[in-house]
Amino acid sequence: PDVPAVAEFRNHIGLGTLPKARVVVFPFDKLDPEKGMEVVGPTGKRRWLRNPWSLLAWQIAEEEGLKLLHADSLAEERESPPAENLLVELLSLPQKEGLATLLLVDEVLMYAREKVQLGEEWRGRLASFFQYLCQATVKVDRAAMVASLLATDPRKFDDKGRAILGDIQAVFARDKEEGVQPVLREDVAEVLRRRFFTPESIAKREIFKQHAIAALQGIQELDPEVKKRLKAEEERFLASYPFHPDLTEVLYTKWTQ
């Protein structure tokens, strides 16, 4: 879509036209541990499926995807996680249509905590699935995965939940290229700017400096300590503009603690 965030990505990577991808979504907070969920395939066909690897197969290639994973080549679900070699073949299918493969994974712990409650064997199955999936994604050219493992519901983060999450995090730690913290201290002002102001009003970052320095002129007259470290304060106020840096510090502290 023609939105500022996409334009930033285009400029950063130096591509005018972004490549198309087949997008696979794992909304684990919507996946019922017993009944599963209804998923939509590339042609628009819908089907109720229970296991995460079935969701993957259907969203990539519908019946063909299920057959690829099934031991008897049936368009049915399998109960065990498919091995890396099968997932490599599955993730490669969109390339036949000139597409990349993008996996979006969210709220893993919401599902995993409830699934393991139904049967302890699922703890190992889910860890194995994510291990095979990570390995396959790394091996397939033009495939990528973005995963958020934590649960929105803090009640899922009990001793059992932490142990399950630890298993899955260890898998991603072995295969990931880079871990990303959701928001760091220095990101708070940017998050607030994008939440509260139109893209056009904050597009010209070069005008921030004159306003930040003007604000500091009044502050240093009242606070001698600011005057002593004026250069550092200029950088701090500029990074936080148009918010006072002490405000963003308070917000970050309250948010993380």
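The exercises below work through the fold, the helix packing and one pocket of a predicted model.

**Exercise 1. Describe the overall extent of the protein chain and set its radius of gyration against that of a compact globule of 257 residues.**

Solution. Begin with the inventory of secondary structure, which for the protein chain comprises 11 helices and 5 strands. Next take the spatial extent: along the principal axes, the C-alpha atoms of the protein chain fill a box of roughly 80 × 45 × 30 Å. Finally, turn to the radius of gyration, which is 24 Å for the protein chain, whereas a compact globule of 257 residues would have a value near 18 Å.

**Exercise 2. Work out the strand order of the open sheet of 3 strands, and state which strands form its edges.**

Solution. The first step is to list the pairings: strand 1 pairs with strand 4 in the parallel sense over 7 bridges, and strand 4 is joined to strand 5, again in parallel, by 5 bridges. The order of the open sheet is accordingly given as 1-4-5, with parallel pairing. Strand 1 and strand 5 are the edge strands, each of them pairing on one side only, and from one strand to the next the twist averages 15°.

The register can then be followed through individual residues. Ala-21 has Ala-100 of strand 4 as its bridge partner, and Val-23 is partnered in strand 4 by Leu-102. Towards the other edge, Leu-103 stands opposite Met-145 of strand 5. When reading such a register, it helps to recall that side chains in a regular strand alternate between the two faces of the sheet.

**Exercise 3. Determine which strands helix 2 and helix 5 lie across, and how these helices pack with each other and with helix 4.**

Solution. Consider the placement on the sheet before the packing between helices. Helix 2, residues 52-69, lies across strand 1 and strand 4 and runs at about 155° to strand 1. Helix 5, residues 121-139, lies across strand 1, strand 4 and strand 5, with an angle of about 140° to strand 5.

For the pair formed by helix 2 and helix 5, the axes are 10 Å apart and the packing angle is about 35°. Here Pro-52, Trp-53 and Leu-56 of helix 2 meet Trp-122, Leu-126, Phe-129 and Leu-133 of helix 5, and the residues of this contact divide into 7 nonpolar, no polar and no charged.

For the pair formed by helix 4, residues 108-118, and helix 5, the packing angle is about 145° and the axes are 8 Å apart. Helix 4 contributes Val-108, Tyr-111, Ala-112, Lys-115 and Val-116 to the contact, while helix 5 contributes Trp-122, Arg-123, Leu-126 and Phe-130. By class, these residues divide into 7 nonpolar, no polar and 2 charged.

**Exercise 4. Characterise the second largest pocket by its volume, the source of its lining and the classes of the lining residues.**

Solution. The volume of the second largest pocket is about 730 Å³. Its lining is made up of 19 residues, and those lying nearest the centre are Phe-9, Ile-13, Leu-18, Leu-102 and Val-146. To assign the lining to the fold, note that helix 1 (4-13), strand 1 (21-27), strand 4 (100-106) and strand 5 (143-147) each supply at least two residues; the largest share, 5 residues, comes from helix 1. The last step is the division by class, which gives 13 nonpolar, 3 polar and 3 charged residues in the lining.

Terms used. Residues numbered from 1 in each chain as written. Predicted model: local features only at pLDDT ≥ 70, side-chain atom pairs only at ≥ 80, totals over all residues. Heavy atoms only, no water. 1 Å grid on protein atoms, 1.4 Å probe; cavity = no way out; pocket = protein on both sides within 12 Å on 5 of 7 lines; lining within 4 Å. Points joined across faces, edges and corners; volume = space filled by probe spheres on them. Helix = DSSP H or I, 4+ residues; strand = E, 2+ residues; numbered from the N terminus. Nonpolar A, V, L, I, M, F, W, Y, C, P; charged D, E, K, R; others polar. Pairing = 2+ DSSP bridges. Axes fitted to C-alpha atoms, helices over the stretch in contact; angles between N-to-C directions. Contact = heavy atoms within 4.5 Å. Rg over C-alpha atoms; globule rule 2.2 N^0.38 Å.
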